[in-house]
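Q: Please take a close look at the salt bridges in this structure, and place them in the setting of the chains that hold them.

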Amino acid sequence: MSINATLIGQMITFALLVWFTMKFVWPPLYQSLEERKKRIADGLAAAEKGQEEMELAEKRAINVLKEAKEQSADIVNLAQKRANEIVEESKDAAKKEGERLLVAAQAQIDQELQQVKENLRKEVSSLALNAAEQILSAEIDQAKHQEILNKVSNQIG
Amino acid sequence: MATEAHAAEGATGYIVHHLTPLSVGEGFWTLHLDTLFFSAVLGGLFIWFFKMAAEKATSDVPGLVQNFAEMMIEFVDSQVKDSFHGKSELIAPLALTIFCWVFLFNFMDLFPVDLLPMIGSMMGIEYLRVVPSTDLNATFAMSISVFFLIIFYSIKVKGPWGFAKELMFQPFGPWLLPFNLLLKLVEELAKPISLALRLFGNLYAGELIFILIALLPWAIQPVLSFPWAIFHILIITLQAFIFMVLTIVYLSMAHEDH
């Protein structure tokens, strides 16, 4: 159990092993580890970014939906209002038309009444004249008493 | 050490046989061939596996090999980042190498104690000690290399004068300079020694207990060696982890200016 030249041999072996590890083993393995670490970190970051973007898009979609709803509500309100107006307008128009028709009918009625009265007056006067003529044909001169007869027929109307 | 007496029967002979390395050479220039061989093979295994993972490394979905390699890399990297705040190209790969290599050393302990030596003896190899971390040379080789790195980084970061100042004037100020120097030297020297001896001691003791269990009657052996092996799974991982963490801590201390 003595220290001897084996020590030197072992030291040389050891030095070679360490040199080899340092030169050819450690760097590539370590580099691949670092690269993988970086790739995983990048992947995670990308995933996070995707998530954020999705949330943003969702928010935007909600906003758009809300706006669309508001707009459609506005349109419906407007349409309702317009419909009410149209109904009112048509009501007015109908009323006016009715009144106009009424007035026209009244006028016609008046006119016809006037006509009838006129005709009646003429008939009565002619009838009365005729009757008077019949009764008074002997003594009353038609030409003389025309005026009186007219007055009478007027009183009838 | 390697004499014919060890071939004799008896518990002592068995134990000594198991703890004798396969060596060539004399005196300081002795080489423990088994330690050198197994540590090189295990180092090769480590390099082969991680090189395979590194070549196929992609940032796409990783395969099984890459997954495991990345798990190790992340584990070591988090340990390094916990205690070392500077920037260094060396420390993390060094820590990875230490952890895996020491773990593989220690893992050899889980092979049945007689298996590999028996195969060795069939091939005409008389002695075979399969766990490199039961050889002080293997543990000291790492801890002394770490020690050199500590010195190197201390000088590199603080400058020669800064490092010398730290050795001389801390912790008690310039008036107790010799005392400071002594304290600091002991502190610095204790680092590699404790690193190496901790690992060696744990694994040597663990191996010894396996050997002792192997001496018991065969019916009792599984009852003891099974729990000990399970416990040892914890030990070998823990020792590898401790060696790695302490290396990181020592090197980060070398980087810090007090």
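A: A:E97 is partly exposed, at a relative accessible area of 36%, in what is a predicted model. Its salt-bridge partner is A:R100, with 2.9 Å from N to O. A:R100 is likewise partly exposed, its relative accessible area being 48%. Both residues belong to helix α1 (residues 6-136) of chain A, and because they are three residues apart there, about one helical turn separates them. In general terms, side chains of opposite charge can pair when their charged atoms come close.

This pair is one of 13 salt bridges that the structure holds over all chains. A second example within one helix is found in chain B, where B:E55 and B:K51 form a salt bridge whose closest N and O atoms are 3.9 Å apart. That distance satisfies the criterion, which asks for a side-chain nitrogen of Lys or Arg within 4 Å of a carboxyl oxygen of Asp or Glu. B:E55 and B:K51 lie four residues apart in helix α2 (residues 33-55) of chain B, so the separation is again about one helical turn. The two ends of the pair fall into separate accessibility classes: B:E55 counts as exposed at 59%, while B:K51 counts as partly exposed at 23%.

The next pair joins two helices. B:E166 forms a salt bridge with B:K184, and the closest N and O atoms are 3.9 Å apart. Here the link is between distant parts of the chain: B:E166 sits in helix α6 (residues 136-169) of chain B and B:K184 in helix α7 (residues 177-215) of chain B, 18 residues apart. B:E166 has a relative accessible area of 9% and is therefore buried; B:K184, at 8%, counts as buried too. The pair does not stand alone, since salt bridges that share partners join B:K158, B:E166, B:K184 and B:E187 into one network.

Between the chains, the rule finds one salt bridge across the interface of chain A and chain B. This bridge pairs A:R36 with B:E70, with 2.8 Å between the closest N and O atoms. By class, the side of chain A that touches chain B has 18 nonpolar, eight polar and three charged residues. The interface also contains 12 residue pairs in polar contact, both residues at pLDDT 80 or more. In total, 29 residues of chain A are in contact with 55 residues of chain B. The two chains bury about 3700 Å² between them, and 73% of that area is on carbon and sulfur atoms.

As for the wider setting in chain B, its secondary structure comes to eight helices and two strands, arranged from the N terminus as α-β-β-α-α-α-α-α-α-α. Of its 258 residues, 45% count as buried. Where contacts connect residues at least 6 apart in the sequence of chain B, 71% of them join residues at least 24 apart. B:H18, placed in helix α1 (residues 11-19) of chain B, offers an example of a buried residue, because its relative accessibility is 4%. Beyond its neighbours within four places in sequence, B:H18 is in contact with B:V113, B:D114, B:P117, B:L128, B:R129 and B:I211. Chain B exposes about 13000 Å², of which carbon and sulfur atoms supply 74%.

Terms used. Residues are numbered from 1 along each chain as its sequence is written. Chains are lettered from A and ligands numbered from 1 in the order in which they are written. This is a predicted model: local features need pLDDT of at least 70, side-chain atom pairs count only at pLDDT 80 or more; totals for chains, interfaces and linings use all residues. Side-chain values use heavy atoms; hydrogens and water are left out. Contact means heavy atoms within 4.5 Å. Buried area is the accessible area (1.4 Å probe) that two parts lose on being put together, summed over both. A polar contact is a pair of N or O atoms within 3.5 Å; within protein, one must be able to donate a hydrogen and the other to accept it, and residues adjacent in sequence count only if both atoms are side-chain atoms. Ala, Val, Leu, Ile, Met, Phe, Trp, Tyr, Cys and Pro count as nonpolar, Asp, Glu, Lys and Arg as charged, and the others, Gly among them, as polar. Buried means under 20% relative accessible area, exposed over 50%, partly exposed in between (1.4 Å probe, protein chains only). Accessible areas come from the Shrake-Rupley method with a 1.4 Å probe; for residues, only the protein chains shown count as cover.
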